[in-house]
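I opened this entry to look up what surrounds the ligand and how one neighbouring piece of the fold is packed. My notes follow in the order in which I checked things.

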Amino acid sequence: MDAIIDTNPHECDGFPTKTTGAWQTHCVKDQKMRYPKKYDFPVHQVRRYLEPGPIVLVTSRLQDKTNVMTLGWHTVLEFSPSLVGLMISSGNHSFRMIRETGECVINLPTTKLTDTVVRIGNTSGADIDKFCEFGLTPDQASVVKPPLIRDCHAGFECRLHDDALVERYNFFIFEVVKAHAAKTPKHPETLHYTGDGVFMVAGKAISRRSLFRPGML
Ligand SMILES: Cc1cc2nc3c(=O)[nH]c(=O)nc-3n(C[C@H](O)[C@H](O)[C@H](O)COP(=O)(O)O)c2cc1C
């Protein structure tokens with residue numbers, strides 16, 4: 001069901017309190033705001049709203065075998081050292097390769113690679129050579145053994161920083177030890193997965209730089 005858009009008074013006194021189907025606020029300014037009415041939502045589907053960081057292609061290399069997987073569940077954890085967490089399911093061939101080597105490259109594809117992103121995420125490196133199958137061009141990384149993908153906008157070379165959450169959550173914490181990125185476009189059209197085979201596309205930028213405290217930039 002589509003959300004009904006109601007109007008409510010401008011909120012200025014903390015978080016508003018809910019009444020019967022509408023929001024009540026303690027302070028009414030002359031300005032009226034429109035807001036989305038919310039409905040009960042299945043907790044197991046919140047990924048639809050929370051998941052969308054950019055989809056990435058994670059490359060790995062073990063002995064003479066190279067692999068790539070599609071990944072949407074990742075998060076930045078720290079600026080310096082540059083730490084990033086990835087959830088790599090233990091059933092994936094990439095899990096075994098990365099667990100053993102402690103290295104990967106996080107590659108950032110754009111909409112040009114949409115179909116390839118889906119195909120990579122629906123096949124296993126245990127069965128096929130995905131670089132060959134999907135016509136990807138590997139570029140040698142500077143520090144780690146897995147390759148960058150030339151077709152991608154950026155590539156971040158990673159070394160395992162902490163595996164404390166791997167056994168319990170399949171969550172690997174990596175340090176980005178070297179980063180490569182194209183200069184243009186400044187805001188690439190990245191893919192953001194919402195589940196059910198549907199992606200949102202980024203690329204539009206909105207600046208509110210003037211509202212930030214310098215330390216928060
Ligand atoms: C859009 C999309 C997002 C995905 N996100 C993840 C993810 O965050 N973590 C994960 O373990 N698998 C994820 N997958 C599934 C893997 O990409 C898939 O299991 C892949 O076949 C693993 O390849 P491998 O066996 O060669 O490692 C995703 C797949 C798609 C299509």
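I first fixed my terms: helices (H or I, at least four residues) and strands (E, at least two) are DSSP runs, numbered from the N terminus. I kept in mind that this is a predicted model, in which local features need pLDDT of at least 70 and side-chain atom pairs count only at pLDDT 80 or more, while totals for chains, interfaces and linings use all residues. Residues are numbered from 1 along each chain as its sequence is written.

**The whole protein.** I found five helices and 15 strands. Of the 217 residues, 25% are buried, meaning that 20 or more other C-beta atoms, placed from the backbone, lie within 10 Å of a residue's own.

**Around the ligand.** I looked up the shell, taking a residue as near if its C-beta atom, placed from the backbone, lies within 6 Å of the molecule. It holds 20 residues, and the closest are Trp-73, Ser-89, Ser-94, Gly-121 and Gly-125. Strand E6 (65–71) and helix H2 (93–101) are the elements that give two or more residues to it, and E6 has the largest share, with four.

**Helix H2.** Which residues of H2 are buried? I noted Ser-94, Met-97 and Ile-98, and they line one face of the helix, because seen down its axis they fall within an arc of 90°, taken over the directions from the helix axis to the C-beta atoms. The buried residues of H2 pack against strands E5 (56–62), E6, E9 (103–108) and E13 (171–181), where contact means C-beta atoms within 7 Å.

How values were computed: Buried ≥ 20, exposed ≤ 12 C-beta atoms within 10 Å, placed from the backbone. Contact = placed C-beta atoms within 7 Å.
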